[in-house]
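Let's take a walk through this protein together, picking up a few salt bridges on the way and then working through the helices and the core. Have the viewer open and click along as we go.

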Amino acid sequence: MALDFLAGCAGGVAGVLVGHPFDTVKVRLQVQSMEKPQYRGTLHCFKSIIKQESVLGLYKGLGSPLMGLTFINALVFGVQGNTLRALGHDSPLNQFLAGAAAGAIQCVICCPMELAKTRLQLQDAGPARTYKGSLDCLVQIYGHEGLRGVNRGMVSTLLRETPSFGVYFLTYDALTRALGCEPGDRLLVPKLLLAGGTSGIMSWLSTYPVDVVKSRLQADGLRGAPRYCGILDCVRQSYRAEGWRVFTRGLASTLLRAFPVNAATFATVTVVLTYARGEEAGPEGEAVPAASTAPAGPALAQPSSL
């Protein structure tokens with residue numbers, strides 16, 4: 001369990017470093033006004049950020065997901081594994097339920113983390129910026145709005161994370177079985193990269209409109225007076241002003257991000273697990289006794305990188 005946690009943290013860090021620029025673009029596209037759009041699309045947004053704020057502008061708000069990473073991975077691995085064992089047997093339905101449980105519980109950390117990340121990604125560059133970093137952002141929000149402000153977007157985060165993590169673990173399990181991911185297979189790593197990347201894409205597609213609503217709620221009031229009274233009001237106003245396409249805004253950058261993030265995560269997890277398990281072997285090449293009694297499971301567990 002500790003080994004899975006360590007590998008998951010390392011893989012998650014790699015995933016965040018690879019995917020954060022795409023996430024910054026996604027958030028800016030999701031919350032920009034259609035009356036005065038600042039960006040014409042994903043590529044234009046990338047170019048504009050680099051031109052106006054340098055490459056570092058793409059990494060605004062990086063500290064927040066990195067800070068929450070350890071706790072999120074601990075919750076995801078612990079809850080998913082223990083739920084699956086409590087359900088009694090490994091089946092597609094149980095994979096979905098265990099993943100959904102993990103997704104729901106990690107929202108306690110994920111929601112404030114993404115709130116800080118969103119605010120930092122949207123603030124202007126230079127000395128006039130409102131927040132100095134992730135912690136300063138959360139402290140200021142707590143000072144002005146209290147605990148409710150720190151947890152803004154919690155319901156929409158729950159609505160996004162619960163089914164998406166279920167889809168994620170279900171897809172990963174189905175693909176690793178279909179691809180025949182067995183220990184010792186020389187194509188194991190490419191197969192795991194494919195399974196992880198595809199699982200990430202499917203999980204985003206399953207709840208992406210909810211993510212748009214979450215981003216809008218968490219960014220509401222940052223530049224002007226608050227506009228939304230809640231989830232349904234945000235959906236209603238967004239649809240009325242911009243049509244159904246508003247709920248797919250930023251999807252291209254999200255899907256572009258999903259595959260390489262999970263590829264980087266899986267590559268790192270594979271290296272860490274391979275090295276660590278090699279260290280666990282006895283001096284005569286004998287397996288650790290406890291390993292023989294462990295229940296069989298997937299070849300690799302995928303850490304949280306959504």
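Start with Arg-249 and Glu-242, whose side chains meet in a salt bridge at 2.1 Å, N to O. Keep in mind as you look at that distance that this is a predicted model. Arg-249 has 11% relative accessibility, and since anything under 20% is called buried, Arg-249 counts as buried.

Now compare that with another pair. Arg-152 and Glu-145 also join their side chains in a salt bridge, this one at 2.9 Å from N to O. Are these partners buried or partly exposed? Arg-152 comes out as partly exposed because its relative accessibility is 23%, and Glu-145 is partly exposed too, at 34%.

Across the whole structure, a search turns up 15 salt bridges. One of them is worth a longer stop: the side chains of Asp-211 and Lys-26, which meet at 3.0 Å, N to O. This pair ties together distant parts of the chain, with Asp-211 in helix H8 (residues 188-219) and Lys-26 in helix H1, 185 residues apart. Asp-211 has a relative accessible area of 0%, so it is buried. Lys-26, at 4%, is buried as well.

Those two also belong to something bigger than a pair. A network of salt bridges links Asp-23, Lys-26, Glu-114, Lys-117, Arg-160, Glu-161, Asp-211 and Lys-214. If you colour these residues by charge in your viewer, you can trace the network from Asp-23 through to Lys-214.

Stay on H1 for a moment and find Arg-28, which lies in that helix. With 7% relative accessibility, Arg-28 counts as buried. What sits 187 residues away from Arg-28 in sequence but 9.3 Å away in space, C-alpha to C-alpha? That would be Ser-215.

H1 covers residues 2-31, and Leu-17 is found there too. Here the picture changes: Leu-17 has 40% relative accessibility, so it counts as partly exposed. Together with Val-13 and Leu-66, Leu-17 forms a nonpolar patch on the surface, and the three share about 200 Å² of accessible area.

Time to step back to the overall fold. The protein has 11 helices and 0 strands, so reading along the sequence you just get α after α, as in α-α-α-α-α-α-α-α-α-α-α. Of its 306 residues, 47% are buried.

Between helix H2 (42-53) and H3 there is a loop, and that is where you'll find Ser-54. Take a look at the backbone there: Ser-54 has a positive phi of about 70 degrees, although it is not a glycine. Ser-54 is partly exposed, because its relative accessibility is 34%.

Moving along, helix H4 (residues 92-105) makes a nice ruler check. At 1.5 Å a residue, its 14 residues should span 20 Å, and the end C-alpha atoms are 20 Å apart, which agrees. The buried residues of H4 are Asn-94, Gln-95, Ala-98, Gly-99, Ala-100, Ala-102 and Gly-103. When you look at how such positions fall around a helix, it helps to recall that an α-helix has 3.6 residues a turn, so residues three or four places apart point the same way.

Helix H5 (residues 107-122) passes the ruler check too: its 16 residues should span 22 Å, and its end C-alpha atoms are 22 Å apart. How many of the 16 residues of H5 are buried? The count is 14, so H5 is largely enclosed by the rest of the structure.

That brings us to the largest nonpolar core, which has 9 residues: Ile-72, Val-76, Val-79, Ala-102, Cys-110, Met-113, Phe-165, Tyr-168 and Phe-169. Helix H3 (63-86), H5 and helix H7 (154-178) each supply at least two residues of this core. Domain 1 (64-150) and domain 2 (153-242) both contribute, so the core lies between them.

Finish in helix H7, with Thr-157. Thr-157 is buried, because its relative accessible area is 1%. From Thr-157, look across to Gln-106: the two are 51 residues apart in sequence, and their C-alpha atoms are 10.0 Å apart in space.

Note on methods:
Residues numbered from 1 in each chain as written. Predicted model: local features only at pLDDT ≥ 70, side-chain atom pairs only at ≥ 80, totals over all residues. Heavy atoms only, no water. Patch = residues over 30% accessible without salt bridge, like charges linked within 9 Å, V, L, I, M, F, W, Y side chains within 5 Å. Areas by Shrake-Rupley, 256 points an atom, 1.4 Å probe, with all protein chains shown as cover. Salt bridge = Lys/Arg side-chain N within 4 Å of Asp/Glu carboxyl O. Helix = DSSP H or I, 4+ residues; strand = E, 2+ residues; numbered from the N terminus. Buried < 20%, exposed > 50% of the residue type's maximum accessible area, 1.4 Å probe, protein only. Expected span 1.5 Å × (residues − 1). Core = buried A, V, L, I, M, F, W, Y, C linked by side-chain atoms within 4.5 Å. Domains from an automatic or database assignment.
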